[in-house]
Amino acid sequence: MSILAMYEAGQWQCPARVLTHLEDISAVLAERGMRLLQLPAALPDDNAQLQALAEQCIANSGLPVPQCATAAAQQGAPGYAEPPTKLDAGAVLRSAGQWVLLGVGHARLCLGRADQALVLAVRQGDLVWIPAGHEWALVPATGSDCRWLDLAADEHALNDTPAPESNLSELQLLDI
């Protein structure tokens, strides 16, 4: 189930709206230049096969197909630990324009620009377009081992810059 929490105008402690229908979530993301595609639940373990599957899904949507990819992984806090309620400022990146495909696990994808922020619950098979200039961070769910691919048009677009001054670090993260 997809969930999107929307934070607005510096109100980082409580979301203004929470959406649970994929059509509504897709519309809000589209208003901000983002895109959410979903791949089948059974995904290959091999990164090359996963990349090919993502590229095919993107091509089927009529969007430009990325040419480069890098793999990343992060372990969530242990299951017995309290889930993090704040985002680590050092984890926030400024996108150069890329797709993020969660291949394994569950996570919260924090997205922001100016005085708005979104927290999208992502699961295995979710493929999200993050336009250039948007800030983002991926926070694995408690007890979840997350692995993902970053896909972009060229290698330069895979070099996100750190954004430690981002407002995203002020978000009160929901455990969604």
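# A guided tour, from a loop to a pocket

Start by selecting His 156, which sits in the loop between β11 (145-152) and β12. You are looking at a predicted model, so please keep that in mind at each stop. With a relative accessibility of 59%, His 156 counts as exposed. Now add Gly 97 to the selection and draw a line between the two C-alpha atoms: the distance is 9.5 Å, for a pair separated by 59 residues in sequence.

**Stop two: past β12**

Move along the chain to Glu 170, in the segment after β12. Is Glu 170 buried, partly exposed or exposed? Its relative accessibility is 38%, so Glu 170 counts as partly exposed. Show Lys 86 as well: the two C-alpha atoms are 6.7 Å apart in space, while the residues are 84 apart in sequence. If you set aside the neighbours of Glu 170 within four places in sequence, its contacts are Trp 12, Gln 13 and Lys 86.

**Stop three: the salt bridges**

How many salt bridges does the model hold? The count comes to three. Select Arg 94, Glu 135 and Glu 165 together, since this trio is linked in a network of salt bridges.

Take the Glu 135 side of the network to begin with. Glu 135 and Arg 94 form a salt bridge whose closest N and O atoms are 2.7 Å apart. Glu 135 belongs to strand β10 and Arg 94 to strand β5 (residues 93-94), so this pair ties together parts that lie 41 residues apart in sequence. Glu 135 is buried, at a relative accessible area of 14%.

Now turn to the other partner of Arg 94. Arg 94 also forms a salt bridge with Glu 165, and here the closest N and O atoms are 3.2 Å apart. Because Arg 94 lies in strand β5 and Glu 165 in the segment after β12 (161-162), the pair ties together parts that are 71 residues apart in sequence. Colour the two by accessibility if your viewer allows: Arg 94 is partly exposed, with a relative accessible area of 26%, whereas Glu 165 is exposed, at 54%.

Another salt bridge to display joins the side chains of Arg 32 and Glu 31, at 3.7 Å from N to O. Arg 32 counts as buried at 18% relative accessibility, the cut-off for buried being under 20%. Glu 31, in contrast, counts as exposed, at 64%.

**Stop four: helix α1**

Glu 31 leads you into the next selection, helix α1 (residues 22-31). Show its side chains and pick out Ile 25, Val 28 and Leu 29, which are buried. Looking down the helix axis, you will find that these buried residues fall within an arc of 100°, so they line one face of α1. Rotate to the other side of α1 and you meet Glu 23 and Glu 31, both exposed.

What do the buried residues of α1 pack against? Their partners are the strands β1 (3-8), β2 (17-19), β3 (35-38), β7 (106-113) and β8 (116-123). Before leaving the helix, click on Gly 33, which follows α1 and has a positive phi, near 80°.

**Stop five: Leu 120**

From α1, step across to strand β8 and select Leu 120. Its relative accessibility is 0%, so Leu 120 counts as buried. Beyond its neighbours within four places in sequence, Leu 120 is in contact with Ile 3, Leu 4, Ile 25, Leu 29, Leu 36, Ala 107, Arg 108, Leu 109 and Val 128. Ile 25 and Leu 29 will be familiar from the buried residues of α1. For a contrast in distance, add Ala 59: Leu 120 and Ala 59 are 61 residues apart in sequence and 23 Å apart from C-alpha to C-alpha.

**Last stop: the largest pocket**

Finish with the largest pocket, which holds about 240 Å³ of space. Which residues lie nearest its centre? Select Gln 74, Ala 91, Leu 138, Val 139 and Pro 140, which have that place among the 17 residues of the lining. The elements that give two or more residues to this lining are β4 (68-75) and β10 (135-140). Of the elements, β10 gives the most, with five residues. You have already visited β10, as the strand that holds Glu 135. Finally, colour the lining by residue class: 12 residues are nonpolar, three are polar and two are charged.

Terms used
Residues are numbered from 1 along each chain as its sequence is written. This is a predicted model: local features need pLDDT of at least 70, side-chain atom pairs count only at pLDDT 80 or more; totals for chains, interfaces and linings use all residues. Side-chain values use heavy atoms; hydrogens and water are left out. On a 1 Å grid over the protein atoms alone, a cavity is a set of points where a 1.4 Å probe fits but cannot get out, and a pocket is an open set with protein on both sides within 12 Å along at least five of seven lines; lining residues have an atom within 4 Å of a point. Grid points are joined across faces, edges and corners, and a volume is the space filled by probe spheres set on the points. Helices (H or I, at least four residues) and strands (E, at least two) are DSSP runs, numbered from the N terminus. Ala, Val, Leu, Ile, Met, Phe, Trp, Tyr, Cys and Pro count as nonpolar, Asp, Glu, Lys and Arg as charged, and the others, Gly among them, as polar. Buried means under 20% relative accessible area, exposed over 50%, partly exposed in between (1.4 Å probe, protein chains only). The arc is that of the directions from the helix axis to the C-beta atoms. Contact means heavy atoms within 4.5 Å. A salt bridge is a side-chain nitrogen of Lys or Arg within 4 Å of a carboxyl oxygen of Asp or Glu.
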